[in-house]
Amino acid sequence: MNAHPNEAIGRVNIVGGGLAGCEAAWQLARRGVPVDLYEMRPVTGTAAHATGDLAELVCSNSFRSRSLTAGAGLLKEEMRRMGSLILTLGEVHQVPAGSALAVDRTRFARAVSERVAALPGLRLIRREIETIPAGLTIVATGPLTAQPLSECIGKLLGAEHLYYYDAISPVVTAESVDAAVAFRASRYDEQPGDYLNLPLTQAEYYRLVDAVTGAEKVPVRSFERFFEGCLPVEEMARRGRETLAFGPLRPTGLVDPASGQRPYAVVQLRQENREATLYNLVGFQTKMTYPEQKRVFSLIPGLAKAVFVRYGSLHRNTFINAPRHLLPTLQWRGAPRLFFAGQITGVEGYIESAASGLLAGVNAARLATGAKPVTPPATTALGSLLHYITDAGREGFQPMNVNFGLFPSLPIKARGRRKRELMAERSLRDVERWWLETGEDGAAGAVRQA
Ligand SMILES: Cc1cc2nc3c(=O)[nH]c(=O)nc-3n(C[C@H](O)[C@H](O)[C@H](O)COP(=O)(O)OP(=O)(O)OC[C@H]3O[C@@H](n4cnc5c(N)ncnc54)[C@H](O)[C@@H]3O)c2cc1C
């Protein structure tokens with residue numbers, strides 16, 4: 001253990017030494033707050049991690065786009081300005097990947113492990129935690145949180161507020177759906193109609209079913225199982241050519257105003273956010289690869305030019321009902337000294353997990369030293385994501401990654417790339433101003449030099 005002059009502040013517990021936990025530990029230590037970081041590996045493993053390294057990447061080695069006109073690129077730029085360890089070491093250990101930031105996973109995880117283990121005042125304790133520790137604590141145990149702790153969290157929040165799988169349908173921007181094809185209606189003519197409906201003829205329906213069954217899929221991992229009530233679209237299609245037409249694509253109660261007829265099948269798009277800038281494809285949870293999703297779903301009438309802000313997925317994922325339980329500062333509504341960070345909050349992705357760890361670390365340090373926790377403006381990439389996952393009015397919560405559809409609209413009309421450029425400019429301006437106002441920029445400066 002490293003000696004620390006600030007033991008009087010009280011130690012902050014971090015459970016989980018993944019991307020979020022390591023970023024949080026770094027932010028706390030840079031602010032002079034002592035940390036106990038609990039990581040169960042290599043003593044207890046998970047179904048996906050292969051080493052005892054901290055911040056191990058379990059699948060792809062990509063931190064996604066660097067472009068400021070992509071949500072992940074903009075989020076990384078905000079993290080840079082806030083002094084992120086994960087981003088800094090990701091860039092040190094990058095490998096060529098075109099416009100994306102990809103890393104040498106072994107070197108990256110080792111570098112994070114070494115840097116975190118050497119932080120002043122940090123004790124790295126290799127032990128599985130089964131109950132939430134007393135005192136200021138950040139729970140960052142990720143999508144594969146060990147079962148005893150999951151059960152403890154379930155008891156704390158109510159078992160119905162802790163989920164073990166995500167079944168995400170693709171999400172498209174509203175403006176990219178062809179308005180000449182889509183018609184607004186709910187089944188049986190409830191007015192004014194909440195769904196955007198995309199009608200299919202019999203030929204269009206069969207073309208879609210064949211494309212879905214023939215598409216390339218991500219292999220199912222041994223620890224993943226599907227629930228009958230939430231099957232991947234390709235599994236439904238595989239069970240029979242008409243299964244989807246009697247399931248999520250059933251046309252019952254819908255009449256296409258263009259033809260005055262009931263279509264053969266209908267793809268329904270459900271509103272995803274309050275601003276109605278995003279819609280999800282109802283029932284299209286899938287394990288198709290991302291490029292295949294783009295190809296296959298673009299066959300749906302009205303989606304030929306759709307912009308997908310997130311693709312469908314279906315995998316093991318422990319996450320909490322954040323809209324019900326978390327504040328945008330990542331504090332639990334029930335006890336402000338308990339924070340959640342990383343994938344368990346319902347953010348999705350390496351970079352999003354690390355960014356939420358960054359904010360949880362900053363806020364735990366603020367609480368430990370008598371300052372008020374903060375949250376970035378909703379006009380920033382991190383702020384818009386946090387506002388999305390903690391919007392108390394949200395029902396049927398599913399994890400979300402960073403994307404421009406989450407941002408509040410601009411005061412002026414703009415479309416496509418120009419719109420994203422203007423949103424990115426606003427975001428970086430606002431994050432700089434906010435960071436200065438919080439007084440945290442001094443700590444970030446120290447991080448940059450370290
Ligand atoms: C199979 C799989 C593949 C994924 N692939 C990608 C991908 O390719 N790209 C992407 O962007 N995102 C991916 N994700 C999603 C997500 O971004 C990553 O899981 C990311 O690592 C989450 O960061 P985290 O810090 O929240 O959790 P993790 O990085 O998983 O860290 C959590 C840590 O907590 C430890 N832990 C768990 N329970 C306990 C306990 N009770 N006591 C002590 N320690 C504990 C774990 O050992 C782990 O080290 C994937 C998720 C899964 C499950």
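A polar contact is a pair of N or O atoms within 3.5 Å. That definition is needed for the first stop, the ligand. The model on screen is predicted.

**Stop 1: the ligand**

Select the ligand and Ser-60. A polar backbone atom of Ser-60 sits 3.1 Å from an oxygen atom of the ligand. Add Gln-343, where a polar backbone atom is 2.8 Å from a ligand oxygen atom. Then add Ser-353. Here the side chain supplies the polar atom, and the distance to an oxygen atom of the ligand is 3.5 Å. The ligand on its own exposes 980 Å², and the protein buries 94% of that area. Two elements, H1 and helix H10 (350-368), each give two or more residues to the shell around the ligand.

Now show the whole shell. Which residues come nearest to the ligand? Of the 32 residues around the ligand, the nearest are Glu-39, Arg-41, Gln-343, Gly-349 and Tyr-350. Colour the shell by class and you should find 13 nonpolar, 13 polar and six charged residues.

**Stop 2: the cis peptide bond**

Stay with Arg-41, one of the residues that come nearest to the ligand, and select Pro-42 as well. The peptide bond from Arg-41 to Pro-42 is cis, and its omega is near 0°. Pro-42 is located in the loop between S2 and strand S3 (62-65). As background, most peptide bonds are trans.

**Stop 3: Thr-345**

Select Thr-345, in the loop between strand S17 (335-340) and H10. Is Thr-345 buried or exposed? Its relative accessible area is 0%, so Thr-345 counts as buried. A polar atom of the Thr-345 side chain lies 3.4 Å from the backbone nitrogen of Val-347. To see what surrounds Thr-345, leave out residues up to four places away in sequence; the residues it touches are then Ile-320, Ala-322, Leu-326, Leu-330, Phe-340, Ile-389 and Phe-397.

**Stop 4: two positive phi angles**

Pick Leu-330 from the residues that Thr-345 touches. Leu-330 has a positive phi, near 75°, and is a residue other than glycine. Its place is the loop between helix H9 (322-325) and strand S16 (331-332). Like Thr-345, which is buried, Leu-330 counts as buried, at 0% relative accessibility.

Move next to Ala-276, in the loop between strand S12 (265-271) and strand S13 (278-281). Ala-276 is not a glycine either, and its phi is positive at about 60°. Ala-276 is partly exposed, with a relative accessible area of 27%. For context, most residues other than glycine have a negative phi.

**Stop 5: salt bridges**

How many salt bridges does the structure hold? The count is 24. Three of these pairs are worth selecting, along with one network.

Begin with Arg-31 and Glu-440, whose side chains form a salt bridge with an N to O distance of 2.6 Å. Arg-31 is in the loop between helix H1 (19-30) and strand S2 (35-38), while Glu-440 is in the loop between helix H12 (416-438) and helix H13 (441-449), so the salt bridge ties together parts that are 409 residues apart in sequence. Both ends are covered: Arg-31 counts as buried at 16% relative accessibility, and Glu-440 is buried at 8%.

Next select Arg-80 and Glu-91. Their side chains meet in a salt bridge at 2.9 Å, N to O. Arg-80 belongs to helix H2 (residues 71-81) and Glu-91 to helix H3 (residues 85-92), and the two are 11 residues apart. Is this pair covered to the extent of the previous one? The cut-off for buried is under 20% relative accessible area. Arg-80, at 34%, therefore counts as partly exposed, and Glu-91, at 25%, is partly exposed too.

The third pair is Arg-394 and Asp-391, where the closest N and O atoms of the salt bridge are 3.5 Å apart. Arg-394 is buried, with a relative accessible area of 14%. Asp-391 is buried as well, at 16%.

Finish by selecting Glu-77, Arg-80, Arg-81, Glu-91 and Glu-432 together. Salt bridges with shared partners join these residues into one network. Arg-80 and Glu-91, the pair already visited at 2.9 Å, are among its members.

Conventions
Residues are numbered from 1 along each chain as its sequence is written. This is a predicted model: local features need pLDDT of at least 70, side-chain atom pairs count only at pLDDT 80 or more; totals for chains, interfaces and linings use all residues. Side-chain values use heavy atoms; hydrogens and water are left out. A salt bridge is a side-chain nitrogen of Lys or Arg within 4 Å of a carboxyl oxygen of Asp or Glu. Helices (H or I, at least four residues) and strands (E, at least two) are DSSP runs, numbered from the N terminus. Buried means under 20% relative accessible area, exposed over 50%, partly exposed in between (1.4 Å probe, protein chains only). A residue is near a molecule or strand if one of its heavy atoms lies within 4 Å of it. A polar contact is a pair of N or O atoms within 3.5 Å; within protein, one must be able to donate a hydrogen and the other to accept it, and residues adjacent in sequence count only if both atoms are side-chain atoms. Accessible areas come from the Shrake-Rupley method with a 1.4 Å probe; for residues, only the protein chains shown count as cover. Ala, Val, Leu, Ile, Met, Phe, Trp, Tyr, Cys and Pro count as nonpolar, Asp, Glu, Lys and Arg as charged, and the others, Gly among them, as polar. Contact means heavy atoms within 4.5 Å.
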